[in-house]
Amino acid sequence: MPSPHPLRIGLKLSQNAPIEAFRRVWQIAEEAGFDHCWAFDHLATIGPIGEDCTVFDGWTLLAAMAASTSRVRIGLQVTGATYRNVALLAKIATTVDHLSDGRLEFGIGAAWATNEHDMYGISGLDHRVGVLSEALQAIRSLWTEDRTDFDGRYVKMHNAIANPKPVQRPHPPIWVGAGGPSTLKLTARYADVWSVSGPAGATPQSAAEVSERLDAACQAIGRNPGEIRRSAQISFGGKPAETINTVARYYEAGFTELVVMVGPSGWSAGTNDPAAAAETVAEKVLPEIRKLQPGP
């Protein structure tokens, strides 16, 4: 059954596009009335296009997105917990929340791209779930406490200051990208939104099955599963009717934070003109999706 949460629609451009295309997609997201707008957080391109194409830093894009828009909410699907020092990540996110006047959606996951960790000498991938767990705890403390002491296996802080705090209180909404049992447990404990990732989100049916496992993980710790909104990403392949149908199926499965991806991504070859694709989604897909949720 559809979730009681409101249906919100996002637009996402990730990689293999010039900076002008990113600016145009953000403008379309703002002007057309999308609820949120997204980039991603990788250091090399992913998926069938290979690793040699153009990719920009996600958090820098997000800061520019914050300054280029005034209404649409913004985020990364999702930032890798292993890529940056945890205190630095918390500070960057707080800065973007201020630049956007409190419009940040904070997406985070355990990271997975072996090639990036190998080529850049980034450590932590072998213990990525533990890194993510400690990052979630430490970042929330930095955002909400005057001082943070944290003595973990991967994160250590002593009397740490993190000022200013985010605009949003107690903190920006936390989106956890997860698909496996260990990360679902972290989602149940820390997330405001679950973003289904990997093979788990390949179809509405598979996503719904994993959503039931998240429900069980919530119940195991005494949390109401309904507190966590569910998110999925859908590639736009150039056929509006197919995208509308896919979005409707995810919505019927209880997913209310739905992100339409334009341009080449890790999951679809997409289109060679992401701005044109975004315009088509805005004109032919978004109005039909808005009709899926019953009125008051």
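These questions and answers concern a predicted model of one protein chain.

Student: How many helices and strands does the protein chain have?
Tutor: The chain mixes both kinds of element. Counting each kind gives nine helices and eleven strands.

Student: Why does the protein chain count as compact as a globular protein of its length?
Tutor: The globule rule gives 19 Å for 296 residues. The chain comes close to that, so it is as compact as a globular protein of that length. Its C-alpha trace spans about 55 × 40 × 35 Å along the principal axes. The radius of gyration is 18 Å.

Student: What share of the contacts between residues at least 6 apart in sequence joins residues at least 24 apart?
Tutor: Take the contacts in the chain between residues at least 6 apart. Those that join residues at least 24 apart make up 72%.

Student: Which residue of S2 is the bridge partner of Leu 11?
Tutor: Strand S1 covers residues 8-12, and it pairs with S2 in the parallel sense over three bridges. Leu 11 has its bridge partner in S2. That partner is Cys 37.

Student: Which residues of strand S2 are buried on each side?
Tutor: S2 runs over residues 36-39, and both of its faces are covered. One side holds His 36 and Trp 38. The other holds Cys 37 and Ala 39.

Student: What covers the buried residues of H6?
Tutor: Helix H6 spans residues 181-190. Its buried residues include Leu 184, Ala 188 and Tyr 190. The cover includes helices H5 and H7 and strands S8 and S9.

Student: Is His 171 buried or exposed?
Tutor: His 171 sits in the loop between strands S7 and S8. It touches Arg 140, Trp 143, Thr 144 and Asp 192, leaving aside residues up to four places away in sequence. The cut-off for buried is under 20% relative accessible area. His 171 has 13%, so it is buried.

Student: Why does Arg 229 count as buried?
Tutor: Arg 229 lies in strand S10, residues 229-235. Beyond residues up to four places away in sequence, it touches residues including His 5, Asp 192, Trp 194 and Glu 257. Buried means under 20%. Arg 229 counts as buried because its relative accessibility is 17%.

Student: How far apart are the centres of the positive and negative side chains?
Tutor: The chain has 27 positive and 31 negative side chains. Each set has its own centre. The two centres lie apart by 4 Å.

Notes
Residues are numbered from 1 along each chain as its sequence is written. This is a predicted model: local features need pLDDT of at least 70, side-chain atom pairs count only at pLDDT 80 or more; totals for chains, interfaces and linings use all residues. Side-chain values use heavy atoms; hydrogens and water are left out. Helices (H or I, at least four residues) and strands (E, at least two) are DSSP runs, numbered from the N terminus. The radius of gyration is taken over C-alpha atoms; the globule rule is 2.2 Å times the number of residues to the power 0.38. Contact means heavy atoms within 4.5 Å. Lys and Arg count as positive and Asp and Glu as negative; His and the chain ends are not counted. The place of a charge is taken as NZ of Lys, CZ of Arg, CG of Asp or CD of Glu. Buried means under 20% relative accessible area, exposed over 50%, partly exposed in between (1.4 Å probe, protein chains only). Two strands pair if DSSP finds at least two bridges between them.
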